[in-house]
Structure formats: C-alpha cells, structure tokens
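Student: Could we go through a lysine and some charged pairs together? I have the model open on my screen.

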Amino acid sequence: MSSEHPAMLRSAVSDFQQSRRQAQIEAVLSGLIGRPTGLLSYEEVRKRLRLGTSVNRGVENVPIQSIIGSVGRYHDFTRSFLPRQDSDRDRWARVKVGVTDLSGLPPVELYKIGEAYFVIDGHHRISVARQVGASHIEAYVREVHTRVNLSPKVDPEDLILKYEYADFLYGTEFDQVIPDVELKLTEAGLYPVLKEHIDVHRYYMGVDEEREIPYSEAVRHWYENVYRPVIDVIHAVSYTHL
C-alpha cells in the first residue's frame, strides 16, 4: 500500500477491519437463525428467471438497500456489503481514502431486475458508501426485462417461488393470455401442479369438443371456468367469517 497519507490509510484500514469483524458476526448470526446473508448470484437469477434483454437507463440515484446481488463477486460481500475477504483490504482502504464525501464516488454499474439491483462494477464503492452511512449511490443502470418481479426483500424461499412462477409463465404463457392477473402462490411446488391442471383440462376439452385445443384457449377456459370460481368461493367464505 502506498505510503501517501499514512494517517488516512491507517484509519481506512481500521475501518476495513471493523467491517470485516461485522461480517464475521453476521456469519455467526446467519448460522444461528438459518438465514443466508450473502449476495445473490446474478447468473443464477438470470437463468432461473429466464431474463430477457436489457435497456440502458442512464445514471440513477439508487437505494443501496435495493442492491442485493452481484454478477461475479457474490461470495465476497454480505447482503449489507460488508467485506468477506481479507485480501480486499488494500483496495477497500484506497477507495475509502479517496472518498471525502459522496461526490468523490464515481457511479457504479448495476443491473436492475424488477425492484432489485445487481452489481456489475463497483462493489468496493458500495461497501465504502454504506460504511460511511450513505443511503443512496449514483449508478449507471441497465434494466433487464423480466416477467417475474423481484423485490429487494426477497429471501431464499421467495426465490424458489419466483423460479417456479417463471417456469409456469414460460410453460403456459399465462401472463400473455390473461395479462391483468398475477397468480401469487405461497408454497413451493404448487405452480407445477397448476401447470398439470391446465394440461389435463386441455386434454378433456379436446375430448369433449373433438378437436385440438390451442394452449392459449385452454389457459383462458381453465382460468375462467375452474380456477376463478374456486377463488371466488374462497373469498366469499372468508368474507362471511370476518
């Protein structure tokens, strides 16, 4: 590390070491409560949600708490951007020394998926910004098309549902056939069951009508004549017990 500004460097290294201790405490608490504290892998989310093309949104002021994943360094920082690797000390400290205020941070680069963000470049800047108490950070944002909204508060169980919902949408085109309706289920394993129900419904429609039923027609008929009536009954029963 350069000998320039030795007092500032020592202070920055001390801040890094404190952040590392906090990351270790988070790891212990994570083991106790069973909740992962790491960043999400953009590549896994991209594949599982079947993400589409991206659009350049220019520079935006992004809430740091909405940044929940990374393109390539999701193992190196916690969800709160505490450093996990001792080898990051020098680079982290140099970034900290170069930051006298938030105007000293050049924009980072992020992907946006729904309401959540993933880091392309700028992990150390985000980590330092959070350490100095910043709530937002300037970023070059590329928004990625998704058929399934992603919230910054998503947890591993939510992700399983998101992945299954994405498979359901791509398998049924439900959001294209009935664009004003979002099927929100709360238990993993139910979206494949709905897909099977639609397949069976389509088969018996074909038997009854003695023709090949287009999948989109079967989806709409299933929703309007099978799924929606059941939901209406459930809502009516719930209302009468209020």
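Student: Which helix holds K96?
Tutor: Helices here are DSSP runs of H or I with at least four residues, numbered from the N terminus. This is a predicted model, where local features need pLDDT of at least 70, side-chain atom pairs count only at pLDDT 80 or more, and totals for chains, interfaces and linings use all residues. Residues are numbered from 1 along each chain as its sequence is written, and side-chain values use heavy atoms, leaving out hydrogens and water. The run from 89 to 97 contains K96, and that is helix α3.

Student: Is K96 buried or exposed?
Tutor: Buried means under 20% relative accessible area, exposed over 50%, and partly exposed in between (1.4 Å probe, protein chains only). K96 has 15% relative accessibility, so the residue counts as buried.

Student: Which side chain meets K96 in a salt bridge?
Tutor: We look for a side-chain nitrogen of Lys or Arg within 4 Å of a carboxyl oxygen of Asp or Glu. For K96 the N to O distance is 2.4 Å, and the partner is D15. D15 lies in helix α1 (residues 6-33) and K96 in helix α3, so the pair ties together parts 81 residues apart in sequence. At 16% relative accessibility the partner is buried too, and its name is D15.

Student: How many salt bridges does a search of the whole structure find?
Tutor: One of them joins the side chains of R73 and D88 at 3.0 Å, N to O. R73, D76 and D88 are linked in a network of salt bridges. For the whole structure, the search gives 16.

Conventions:
Helices (H or I, at least four residues) and strands (E, at least two) are DSSP runs, numbered from the N terminus.
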